[in-house]
Amino acid sequence: MRIRSLLAAVLALCLAFVTTACSGDSEAVQRAGSNVTYDDIRNTGKANDCPTIADSARGSIPLTVGGQYELRDLCMHPLQVYAKEEPTNRRQVAEFVEGKILTRFTSSLDEVYGDLTVTEEGLQFKEKGGIDFQPITVLVPGGEEFPFTFSSKSLDATAEGAAITTSTDFEGKYRTPSYRTSNFIDPKGRALTTGVQYAQGLVALGGDDEQLEKDNNKRYIDGVGTMSLSITKVDPETGEFAGVFSAIQPSDSDMGGREVVDIKISGELYGRLETL
């Protein structure tokens, strides 16, 4: 009887081990927010992560020409950021240099949504709203910092085909808002709508120094970026999809006071298709 009890205990332990090992993948793709409390994610950076779907999700979602669809819950999590620096040697060309994101846990776009139109020519996505911008600062190896507003505002992207598949690639342009707002006051008290206009005493309007004129006369300047959304995983049952994104946009100009450089952002993508 003791041997039977011992064998039963060993079998139970083995079954528990096998169940835990097999459930490793399901835990990896668990949706954020399911059985997760505020204390579980506070100060961990998990809130900045995008949801994931299983790597085995290789299906497709057929669409109907003229049907009404929306892409919802779009999430873009930047993983790598590059700044395009001019070379010191004239014989070299400008190239992107990878930098370090200084912004803590607040770099992802989330809950982005918009209309998806299906035509004979292909798919067209027009962004309408969501948490669609994040101010980010990146530090390059040379020590220079580049602030910019990572955005998907007014994204107008197109893709070929009449379905959401693992080879669907959306490409289009979007608007990048200014990193500074009109009420921001610089260290010398200058701003666009508040503060003072000139901080160097009696300076003639416009001045003889172009750089001085740029710093004194603040301007609200929007930029234009180009974004690519590459879908690599599709779950037809839930309408979810995932993949990677890549974007190139200008850095902030400090309201016209500094030269802009191209910023390249790449990272993870998640979204969901909804039929209206």
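## A buried lysine and its partner

Lysine 153 is buried, with a relative accessible area of 19%. That value falls just inside the class, because buried means under 20% relative accessible area. The model is a predicted one. In it, the side chain of lysine 153 meets that of aspartate 132 in a salt bridge, 3.1 Å from N to O. Aspartate 132 lies in the loop between β5 (123-131) and β6 (133-139), while lysine 153 belongs to strand β8 (residues 153-159), so the pair ties together parts that are 21 residues apart in sequence. Aspartate 132 is buried too, at a relative accessible area of 4%.

## The protein as a whole

The protein has four helices and 13 strands. Of its 276 residues, 35% are buried. Take the contacts between residues at least 6 apart in sequence: 66% of them join residues at least 24 apart. The accessible surface comes to about 16,300 Å². Carbon and sulfur atoms account for 52% of that surface.

How confident is the predictor? The mean pLDDT is 82, and 79% of the residues reach 70 or more. Residues 16-33 are another matter. There pLDDT stays under 50, and the model has 10 contacts beyond four places in sequence for this stretch.

## Other salt bridges

How many salt bridges are there? The count comes to 10. One of them joins aspartate 39 and arginine 42, with 3.9 Å between the closest N and O atoms. This pair still qualifies because the cut-off is 4 Å. Aspartate 39 is exposed, at a relative accessible area of 57%. Arginine 42 counts as partly exposed, at 44%.

Arginine 272 and glutamate 274 form another salt bridge, their closest N and O atoms 3.0 Å apart. Arginine 272 is partly exposed, with a relative accessible area of 22%. Glutamate 274 is partly exposed as well, at 28%. The bridging extends to a third residue: salt bridges with shared partners join Asp73, Arg272 and Glu274 into one network.

## The nonpolar cores

In soluble globular proteins, nonpolar side chains tend to be buried together. Here, the largest nonpolar core holds 38 residues. Which of them touch the most other members? They are Leu63, Leu116, Phe150, Ile164 and Phe170. Strand β2 (residues 68-85) gives the most to this core, with six residues.

Leucine 63 shows what such a position looks like. Beyond four places in sequence, leucine 63 is in contact with Tyr69, Leu116, Val118, Leu123, Ala162, Ala163, Ile164 and Leu273. Another core lies apart from the largest one. This other core has six residues, among them Cys50, Ile53, Ala242 and Tyr270.

## Glutamine 249 and its surroundings

Polar residues are found inside as well. Glutamine 249 sits in strand β12 (residues 240-250). Is glutamine 249 buried or exposed? At 1% relative accessibility, glutamine 249 counts as buried. The side chain of glutamine 249 reaches the backbone oxygen of threonine 149 at 2.8 Å. The same side chain makes a polar contact of 2.9 Å with the side chain of tyrosine 174.

Residues touched by glutamine 249, beyond four places in sequence, include Phe148, Phe150, Ser151, Thr176, Val224, Gly225, Val261, Asp262, Ile263 and Ile265. Arginine 175 is 74 residues away from glutamine 249 along the chain, yet their C-alpha atoms are separated by 8.9 Å.

## Two more buried polar residues

Glutamine 134 has its place in strand β6. At 16% relative accessibility, glutamine 134 counts as buried. Leaving aside neighbours within four places in sequence, glutamine 134 is in contact with Thr106, Ser107, Ser108 and Leu109. Phe148, Thr149 and Phe150 are also among its contacts. Those three residues are touched by glutamine 249 too.

Glutamate 240 lies in strand β12, the strand that also holds glutamine 249. Glutamate 240 is buried, with a relative accessible area of 6%. Which residue does its side chain meet in a polar contact of 2.7 Å? The partner is the side chain of threonine 238.

How values were computed: Residues are numbered from 1 along each chain as its sequence is written. This is a predicted model: local features need pLDDT of at least 70, side-chain atom pairs count only at pLDDT 80 or more; totals for chains, interfaces and linings use all residues. Side-chain values use heavy atoms; hydrogens and water are left out. Buried means under 20% relative accessible area, exposed over 50%, partly exposed in between (1.4 Å probe, protein chains only). Helices (H or I, at least four residues) and strands (E, at least two) are DSSP runs, numbered from the N terminus. pLDDT is the predictor's confidence in each residue, from 0 to 100. Contact means heavy atoms within 4.5 Å. A polar contact is a pair of N or O atoms within 3.5 Å; within protein, one must be able to donate a hydrogen and the other to accept it, and residues adjacent in sequence count only if both atoms are side-chain atoms. A nonpolar core is a set of buried Ala, Val, Leu, Ile, Met, Phe, Trp, Tyr and Cys residues joined through side-chain atoms within 4.5 Å. Accessible areas come from the Shrake-Rupley method with a 1.4 Å probe; for residues, only the protein chains shown count as cover.
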